[in-house]
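Let's take a walk through a protein chain together, step by step. Have a look at the picture before reading on.

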Amino acid sequence: MGNGVAPLGLWMRMSLVSRGSRPWLHHVAPPVLRCVLRADCRHPGKQMMSERRTHASVTDVDCTCGYLQRAADDPDVPIQFEASTGEYQFTYQTEVWGPSMLVIYHCPFCGGAAPKTKRAQLFHAISDAEEERLKELLHPIKTIEDALQSFGVPDSDKPLASSSTDNEVDEEPARTDYWRSLEYRSLSETVDVSVLEGAGGRVSFSMSGKRKAADHRD
Ligand SMILES: [Zn+2]
């Protein structure tokens, strides 16, 4: 898990508004959550991925071998069960990110599907109307300076906060890119928006649903 990022698309939705960037991304959510999103994992609240755990899953047959639970019960094994999301997760530490985790979609022993994540219940889905509104708002933003001028001081400004990686395809090695990221949490009631500086200074954007208040969960 060298570069520390993993595909995950159930609870966030990413929109590519600007040109010149790869059509899939990142998200960084403190303190332990890091995910890479793919644009084909959309509609987090609508569960368009059928029973398969990811778009790449080759089976939807559930794991029944008990390995994940036994591993989570063993304090010497870096697998934990996260009750709030219903997920088994690999846990690890990195110098830059501190405590981190990767969601486990399939049992490492039998290959069966791990329990379904409850993330979609924990985070707001992004409605089509809200996405369109935000796209209109973001459309004029071409550079980081535009964002700072239009939206003011961001809630966070991370020089290396965002990363993307690709699986090995056509014998090309996996790749990870790091971009400056400004996060704005006040542009929407339900969505946090990140402005990401890409190659040549052009920007792209990501949107992620805010965590729901405890009394608003479905
Ligand atoms: Zn299993």
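What follows is a short tour, from the overall layout down to a single residue.

Before anything else, keep in mind that you're looking at a predicted model. How confident is the predictor? The mean pLDDT of the protein chain is 75, with 70% of its residues reaching 70 or more. That confidence isn't spread evenly, though: among the elements, helix α1 (residues 67-73) has the highest mean pLDDT, at 96, while strand β2 (residues 24-29) has the lowest, at 33. In fact, pLDDT stays below 50 over residues 1-49, although this stretch still has 127 contacts in the model beyond near neighbours in sequence. Where pLDDT is low, the predicted coordinates shouldn't be read in detail.

Now for the layout. The protein chain holds 4 helices and 10 strands. If you follow the sequence from start to end, they come in the order β-β-β-α-β-β-β-α-α-α-β-β-β-β. Residues far apart along the chain also meet in space: of the contacts with a separation of 6 or more, 62% are between residues 24 or more positions apart.

Let's head inside. Of the 218 residues in the protein chain, 30% count as buried. The largest nonpolar core has 17 residues, and the ones touching the most other members are Val193, Val195, Val203 and Phe205. Which elements supply at least two residues each to this core? They are α4 (144-151), β8 (176-184), β9 (191-197) and β10 (203-209), and β9 gives the most, with 4 residues. Another core lies apart from this one; it has 9 residues, including Leu68, Ala71, Tyr88 and Val103.

Next, stop at a hairpin. Strands β4 (residues 79-82) and β5 (residues 87-94) run antiparallel and are joined by 4 bridges. One pair to look for is Glu82 with its bridge partner in β5, Glu87. There are 4 residues between the two strands of this hairpin, and Gly86 in the turn has a positive phi of about 70°.

Our last stop is Ala199, in the loop between β9 and β10. Is Ala199 buried or exposed? It's exposed, because there are just 10 other C-beta atoms within 10 Å, and a residue counts as exposed at 12 or fewer. Try finding Trp179 from here too: Ala199 and Trp179 are 20 residues apart in sequence, yet their C-alpha atoms are 8.7 Å apart in space.

Terms used
Residues are numbered from 1 along each chain as its sequence is written. This is a predicted model: local features need pLDDT of at least 70, side-chain atom pairs count only at pLDDT 80 or more; totals for chains, interfaces and linings use all residues. A nonpolar core is a set of buried Ala, Val, Leu, Ile, Met, Phe, Trp, Tyr and Cys residues joined through C-beta atoms within 7 Å. A residue is buried if 20 or more other C-beta atoms lie within 10 Å of its own, exposed if 12 or fewer, and partly exposed in between; C-beta atoms are placed from the backbone. Two residues are in contact if their C-beta atoms, placed from the backbone, lie within 7 Å. Two strands pair if DSSP finds at least two bridges between them. pLDDT is the predictor's confidence in each residue, from 0 to 100.
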